[in-house]
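Work through the exercises below with the sequence and the coordinates at hand. Each task is followed by a solution in steps.

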Amino acid sequence: MATADCLQITREVGFDSLLTAGKPYTTSCPLPFQADSVKTARDVTRSTLRSWGLSELSDDAALVVSELVTNAVRYAMYSTAPQGIQLLLMRVAPHVLLAVADPSDEVPTPKEPDFVSENGRGLYIVETYSQCWGWDPLARGGKAVWALFRADS
């Protein structure tokens, strides 16, 4: 899928409205600025995909959500904004959109992966395991970093 197509999908979805209202085939989960939020996000992702009959995406999506939530906890935990982190999964057939919103306005910037270091590989992993990824600023402040997966079911 071309980057332009991914961008069009995210613009049509509109993260600000999705984060505030329940929609069919959408799961949203608030997460605190804590390390165990990563496990919670993985669990919610796996159970949601299983309930949608998309278990085959679970491993890749859980890995990607781990990286996105880790980044959100790391870079947004010092924010003074009242909102925390929020996980969003949305089925937009034939895709699954996974997004993590946080109050930080810092732009996610991929780094050259250092395969020896403990960090610096997160967005490389997101790019490798998803069909495409990006980020969108939120009207309330902060951003939503998203990854798109193709569901063959």
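Two exercises follow, on a sheet with its helices and on one loop residue.

This is a predicted model, in which local features need pLDDT of at least 70 and side-chain atom pairs count only at pLDDT 80 or more, while totals for chains, interfaces and linings use all residues. Residues are numbered from 1 along each chain as its sequence is written, and side-chain values use heavy atoms, without hydrogens and water.

**Exercise 1.** Determine the strand order of the open sheet and which strands stand at its edges.

Solution.
1. Take strands as DSSP runs of E with at least two residues and helices as runs of H or I with at least four, numbered from the N terminus; two strands pair if DSSP finds at least two bridges between them.
2. The 5 strands have the order β1-β2-β3-β5-β4, with antiparallel pairing.
3. β1 (26-31) and β4 (132-137) are the edge strands: each has a single partner strand, so one side of each lacks a neighbour in the sheet.
4. β1 is joined to β2 (residues 85-92) by 6 bridges, and Ser28 stands opposite Leu88 in β2.

**Exercise 2.** Locate Glu106, then state its exposure and its contacts.

Solution.
1. The loop between β3 (95-102) and α5 (122-129) holds Glu106.
2. Glu106 is partly exposed because its relative accessibility is 47% (buried is under 20%, exposed over 50%, partly exposed in between; 1.4 Å probe, protein chains only).
3. Leaving aside neighbours within four places in sequence, Glu106 is in contact (heavy atoms within 4.5 Å) with Tyr75 and Lys143.
4. From C-alpha to C-alpha, Glu106 lies 7.9 Å from Gly142, at a separation of 36 residues in sequence.
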